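Work through the following exercises with the coordinates open. Each task is followed by a solution in steps.

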Amino acid sequence: MAAQVFLLQVIVVLVLVAAAAGALVLQGRYDGENSARVRSLATAEAFAHAPGTLRALQSPNPTAMLQPATVQAQAGSGVDFISVLNKAGVRISDTDPRLIGAHAQGVERAAAGETFTERFHGEPSDAVRAVVPVLDGSRRVVGMVAAGIQVENLGHLLDQQVPMVLGSAALALALATAGTALVTRRLRRQTHGLGPAEMTRMYEHHDAVLHAVREGVLILDGEGRLLLANDEARRLLNLPADADQRHVTELGVGPELTGLLASGEAVSDAVCPVGERLLAVNARRTAPYGGAPGLVASFRDTTELRALTGRAEMARGRLTLLYEAGVRIGTTLDVRRTAQELAEVAVPGLADVVTVELLEAVLHGEEPTGALNRMRRTALRGTGAGQPLQPVGDLIQFVVADTPMVAALSQGKAVLVPDLERAQDWRAQDPEGAQRVLDSGVHSLITVPLRARGVVLGMVNFWRADGSPRFEDEDVSVAEELGARAAVAIDNARRYTREHAMAVTLQRSLLPRDLPEQDALEVAWRYLPAQSGVGGDWFDVIPLPGFRVALVVGDVVGHGLHAAVTMGRLRTAVLNFSSLDLPPDELLGHLDEMVMRLDTQAEDADGEGSLVTGATCLYAIYDPVGGRCTLSRAGHGVPAVVDPGGRVSFPELPLSPPLGVGGHPFESGELDLPEGSRLVLFTDGLVEDRRRDIDEGLRLLASAVAHPGQSPEDTCRALMRTMLPEHPSDDVALLVARTRLLDPSRVAVWEVPFDAMAVSRVRTEVSERLTQWGLEESSFAMELILSELLTNAIRYGAPPVRVRLLLGRTLVCEVSDGSNTSPRLRRATSTDEGGRGLFLVSQFAERWGTRYENRGKVIWAEQSLGRAPEPDPMLLLDEMAW
């Protein structure tokens with residue numbers, strides 16, 4: 001017996017040593033592979049996020065820029081290889097230059113934007129590698145970096161440790177064997193005197209422990225018959241009194257436990273139902289431990305523990321649901337999207353179907369007013385394919401006063417209906433619809449009013465269907481918490497919607513609603529506010545005397561109501577200054593002075609005002625008679641000019657500082673535009689974006705408009721489609737004008753000698769030209785106007801004097817001279833011999849005015865075609881009475 005015990009102990013020690021050595025080997029390999037994964041991932045991410053990697057991948061020759069860095073990084077990082085791939089998976093650089101140009105395997109996930117590590121099997125060698133995508137500023141994948149350690153190198157450290165481990169194990173085995181031999185010899189000597197009494201006492205102690213322990217124990221023989229069952233096992237399994245020697249299938253312990261015991265397999269803490277109990281079962285075979293073959297099974301009652309665990313799991317699930325609600329509800333400032341997020345969070349975590357109804361006023365961003373019994377279904381979410389409830393967009397009315405929904409609204413708190421089958425008040429409003437809901441399997445309801453700041457915004461209904469238990473009181477608190485969080489987010493979105501709508505309405509009212517009629521330009525425009533709200537971009541088209549047209553594009557720094565109001569003030573100022581018919585540089589000078597005054601007032605307002613400094617403006621005047629365009633810009637980008645052949649240019653024009661800087665003169669530039677040319681004026685929001693710089697934006701713009709024969713409307717559509725992201729970060733104002741020239745046959749010019757005797761001759765020639773144009777009915781009025789203007793120019797002006805007639809949608813007479821003195825309209829007294837000329841001009845002309853040029857001035861008068869002027873006869877009689 002002693003020899004057998006000794007041999008058994010030696011075998012046990014050998015097995016333990018072998019198991020320990022094997023575990024060490026496996027642990028070493030596992031640690032080595034984990035270390036390789038971490039090192040590879042750190043190296044790949046550091047190389048991928050290095051400042052020069054993205055720039056090199058976007059360069060014309062990435063291999064030349066990346067190969068030296070790749071070799072240097074591999075030498076210093078301790079990995080076996082580093083490869084840089086393009087987004088198609090082709091190696092651009094590699095520590096092994098022979099692999100450059102080869103296609104890498106298994107990198108599709110990184111090409112889709114995912115970072116991963118793996119144990120790779122394939123060419124050129126098996127390795128533990130990490131692959132990291134390289135992203136540009138728009139989060140698009142432009143390349144990948146792979147780094148790794150070859151599998152054959154993972155075991156070097158382990159190979160160095162194994163001899164020492166085995167030597168230590170051999171020494172431990174020798175010591176254990178010697179110790180076991182000594183102990184065995186000692187036990188053999190000590191048991192020589194053991195008698196029947198001592199053995200009996202040992203058996204009694206064993207029997208007492210077996211029956212007193214609070215854990216059930218069963219011992220089965222090799223054939224599955226019951227050999228022993230202690231008292232706890234009989235109680236837990238409800239075994240019959242004659243259960244001994246019965247087969248396990250005859251004990252009536254349930255199919256699951258019977259199958260487990262009959263199989264003879266070893267299990268640990270397997271939970272099996274037996275009657276109303278849940279038992280944790282541990283089973284081991286007796287064969288390895290001596291004695292006849294059989295099975296020993298122990299049982300613990302875990303019914304109460306499982307119930308507590310279930311409640312804890314339910315509480316954890318509810319906390320997780322509320323956490324997700326805090327993260328996922330209210331991600332946007334959109335009322336409908338917030339309601340949909342509430343439904344998405346609650347399904348299936350709390351309910352099988354969720355419906356959200358909101359007041360009509362809330363949906364439009366207004367204060368929640370009106371009857372609470374009329375709401376609009378805003379969100380519907382369910383786990384099934386078809387839902388019997390009313391769809392999104394339907395009007396939900398609560399007609400019957402005692403329904404759960406009305407009760408929840410009147411009480412201001414959630415109402416629980418655990419069993420809809422028995423809820424007659426719920427059926428009362430729509431019995432047929434209620435029956436359809438019940439037929440679909442819905443059986444339980446919690447309805448919660450959505451309240452924020454003490455005001456009802458709507459309500460949310462949580463429904464459970466077949467396969468889910470009824471709602472309980474614990475679910476009501478979760479539903480109320482979800483509703484409270486969603487109500488705050490919905491109210492924030494409602495208030496943002498209201499403020500945004502007000503700002504947009506204000507801005508739209510300040511922008512031109514329609515373009516004025518004119519013949520010089522064919523114009524199209526677009527305005528798009530930024531995603532963050534309204535801004536200060538604006539544009540305008542202003543007809544000027546002589547068929548000229550002014551084009552204006554401006555940009556006020558910032559967003560919000562202040563930017564919109566400032567934009568309106570600047571646009572109004574430009575309109576007023578343009579009525580003075582000022583050159584572009586002088587107009588911007590006046591506008592700059594006005595902005596400086598506004599900034600001074602804002603500084604004096606103790607921080608209540610905002611500065612305007614930084615606003616930009618481009619003002620251009622196009623003259624269809626000669627096709628000349630005069631432009632001046634204050635901090636604004638140059639326009640694009642597209643000639644009739646489709647060639648695009650960005651002309652060099654003088655650039656002045658933005659408005660409000662002051663201290664710098666404004667300059668003008670001139671362009672000669674052939675007929676059919678397109679002038680593209682825009683704000684920086686069109687060409688600048690987080691994804692690209694202004695140079696790239698200008699290249700895209702030139703590519704989009706470089707099409708001969710493209711109309712202004714087509715140009716606007718092409719630019720909007722090509723240049724703008726889905727959600728622009730800045731306002732965009734775009735104005736496209738295609739030039740027209742006034743027919744030379746409709747332009748007549750006379751150089752007039754500085755002699756009053758020349759007036760009659762010019763008047764006669766003008767009359768003849770009007771007859772040629774078929775405007776005999778306008779001759780009398782035009783001759784009168786010409787006589788007065790020409791006489792004034794010769795009498796009070798300076799040479800040279802020139803007369804020009806322009807025929808378009810109106811008839812324009814212009815008299816220019818070299819003097820800068822400005823005539824003014826006045827009422828002559830009865831004793832005055834003069835002073836009535838300009839009064840007569842104002843009576844016979846639709847409009848008249850003066851504009852100044854570099855040398856001299858031009859006095860113009862305009863007459864409408866198709867109807868004779870009708871001056872006030874009483875005023876004429878009064879003026880002619882002298």
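**Exercise 1. Classify D714 and R717 by accessibility, then describe their pairing.**

Step 1. D714 counts as partly exposed because its relative accessibility is 32%; the classes are buried under 20% relative accessible area, exposed over 50% and partly exposed in between, with a 1.4 Å probe and protein chains only. R717, at 41%, is also partly exposed.

Step 2. The two side chains meet in a salt bridge at 2.4 Å, N to O, where a salt bridge is a side-chain nitrogen of Lys or Arg within 4 Å of a carboxyl oxygen of Asp or Glu.

Step 3. D714 and R717 are three residues apart, about one turn, in helix α19 (residues 712-723). Helices (H or I, at least four residues) and strands (E, at least two) are DSSP runs, numbered from the N terminus.

Two notes on the source apply throughout. This is a predicted model, in which local features need pLDDT of at least 70 and side-chain atom pairs count only at pLDDT 80 or more, while totals for chains, interfaces and linings use all residues. Residues are numbered from 1 along each chain as its sequence is written, and side-chain values use heavy atoms, with hydrogens and water left out.

**Exercise 2. Set the pair E324 and R328 against the pair D475 and R464.**

Step 1. E324 and R328 form a salt bridge of 3.6 Å, N to O. Both residues belong to helix α9 (residues 303-328), four residues apart.

Step 2. E324 is partly exposed at 31%, and R328 is partly exposed at 36%.

Step 3. In the salt bridge between D475 and R464, the closest N and O atoms are 3.7 Å apart. D475 lies in helix α15 and R464 in strand β16 (residues 455-464), so this pair ties together parts that are eleven residues apart in sequence.

Step 4. D475 is buried at 4%, and R464 is buried at 10%.

Step 5. The count of salt bridges comes to 41. A network of them links E367, R453, D491, R494 and R498.

**Exercise 3. Describe the surroundings of T53 and D581.**

Step 1. T53 lies in helix α2 (residues 51-57) and is buried, with a relative accessible area of 3%.

Step 2. A polar atom of the T53 side chain lies 2.5 Å from the backbone oxygen of F47. Not counting residues up to four places away in sequence, T53 touches F47, A48, L66 and V134; contact means heavy atoms within 4.5 Å.

Step 3. D581 sits in the loop between α16 (561-579) and α17 (584-603), and is buried at 6% relative accessible area.

Step 4. Leaving aside neighbours within four places in sequence, D581 is in contact with L544, P545, R548, T850, R851 and W860.

**Exercise 4. Which residues touch the most other members of the largest nonpolar core?**

Step 1. A nonpolar core is a set of buried Ala, Val, Leu, Ile, Met, Phe, Trp, Tyr and Cys residues joined through side-chain atoms within 4.5 Å.

Step 2. Of the 59 residues in the largest core, V354, V356, W426, F462, W463 and L482 touch the most other members. Helix α15 (residues 473-510) supplies the largest share, nine residues.

Step 3. A second, separate core has 50 residues, including L551, A573, F577 and L681.

**Exercise 5. What share of the chain is buried?**

Step 1. Of the 882 residues, 44% count as buried.

Step 2. The chain has 23 helices and 32 strands.

How values were computed: A polar contact is a pair of N or O atoms within 3.5 Å; within protein, one must be able to donate a hydrogen and the other to accept it, and residues adjacent in sequence count only if both atoms are side-chain atoms.
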